[in-house]
Amino acid sequence: MIAAGLLLLAVGGVDLLRRLITRRRPLAFAVAGAVLVALSAGADAIVAGILALAVAAIWTWVVPESGSARTGLWPVGLLGVTVAACVVVAPARSRPGLLGSVWESYGPRADVSIDVLLLLAGCLLFLLESGNAVVRIALRAEMGERVLPATGDAPATLKGGRLIGPLERILVFALTLAGAYTLLAAVLAAKGIVRFPEISRDGEGGDRAEYFLIGSLVSWVTALAAAFTVWWGVQGG
């Protein structure tokens, strides 16, 4: 489980840095890498931390900041398989290192291990900006040049996707883990109601409706997959 958490922290962190920082990126990446290595060392998972950095470096190369991935949806699928394998092969540990001992002694919830905490943090970080990258890849793969070719962002009539998407995924993630399925259904339905006036003005091409459906479904599936990963890790531990 610790390996899955560090992996998602590394990938989500590098995508968030690419989004927020335009100058001195090598320095920012180096600092973030050092923090991740220190975190993994404190959790007695230095090998997992180094492997997470390697995967994040590969992800940065195959998934550019704009446009589709170099190899289509394969990077997303391989990342999902890798995270699932990490949860299966390395479940929650009974001795989670110095950082885990400190958390068990002073943390607010003794029944939540440091492995679960890092997995939750990794999922949340991944859902912020990496989730946008996953949605963009799916949209580009399905709609091609009908999505703005330079950025992969929404058509001009469907604004706010880069902000709404992360908030939506975090809500779906949290509500799923909390078991609030009725509220979850209400949130998903509310998005459709809010977007309906824009979609109803769609032309014969149906681009806006297709964009909304693909983007929303991929975003929801990503959040549900993250929630399932945490549930699986906790149950397996």
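**Exercise 1. Determine which helices the buried residues of H3 pack against.**

Solution. The buried residues of H3 pack against H1, helix H2 (25-42) and H4. Here buried means under 20% relative accessible area, exposed over 50%, and partly exposed in between (1.4 Å probe, protein chains only). Contact means heavy atoms within 4.5 Å, and helices (H or I, at least four residues) and strands (E, at least two) are DSSP runs numbered from the N terminus.

The model is a predicted one, in which local features need pLDDT of at least 70 and side-chain atom pairs count only at pLDDT 80 or more, while totals for chains, interfaces and linings use all residues. Residues are numbered from 1 along each chain as its sequence is written, and side-chain values use heavy atoms, with hydrogens and water left out.

**Exercise 2. Describe the span of H3 and the distribution of its buried and exposed residues.**

Solution. Step one concerns length: the 17 residues of H3 reach 25 Å from first C-alpha to last, close to the 24 Å expected at 1.5 Å a residue. The expected span is 1.5 Å times one less than the number of residues.

Step two lists the buried positions of H3, which are Ala48, Gly49, Ala52, Ala56, Trp59 and Val62. They lie on the same side of H3 because they cover an arc of only 145° around the axis; the arc is that of the directions from the helix axis to the C-beta atoms.

Step three turns to the other side of H3, where Val47, Ile50, Leu51, Ile58 and Trp61 are exposed.

**Exercise 3. Carry out the corresponding analysis for H4 (residues 74-89).**

Solution. H4 has 16 residues and reaches 22 Å between its first and last C-alpha, close to the expected 22 Å. Its buried residues are Pro75, Leu79, Val83, Cys86 and Val87. Because their arc around the axis is only 110°, they share the same side of H4. An α-helix has 3.6 residues a turn, so residues three or four places apart point the same way. The face of H4 turned away from the buried side carries exposed Trp74, Leu78, Val81, Val88 and Val89.

**Exercise 4. Identify the helices that supply the largest nonpolar core, and the residues that touch the most other members.**

Solution. A nonpolar core is a set of buried Ala, Val, Leu, Ile, Met, Phe, Trp, Tyr and Cys residues joined through side-chain atoms within 4.5 Å. The largest one has 45 residues, of which Leu6, Val11, Leu79, Leu119, Cys123 and Phe173 touch the most other members. At least two residues of this core come from each of helix H1 (2-20), helix H3 (46-62), H4, helix H6 (114-143), helix H7 (161-178) and helix H9 (207-236). H6 gives the largest share, 11 residues.

Val11 illustrates the packing: leaving aside residues up to four places away in sequence, Val11 touches Val55, Ala56, Trp59, Leu79, Phe126 and Ser130.

**Exercise 5. Locate the two salt bridges and state whether their residues are buried or exposed.**

Solution. A salt bridge is a side-chain nitrogen of Lys or Arg within 4 Å of a carboxyl oxygen of Asp or Glu; the count by this rule is two.

One joins Arg18 and Asp15 (2.6 Å, N to O). Both residues lie in helix H1, three residues apart, about one turn of the helix. Arg18 is buried at a relative accessible area of 8%, and Asp15 is buried at 4%.

The other joins Glu168 and Lys191 (3.0 Å, N to O). Glu168 lies in helix H7 and Lys191 in helix H8 (residues 181-200), so the pair ties together parts 23 residues apart in sequence. Both Glu168 and Lys191 are buried.
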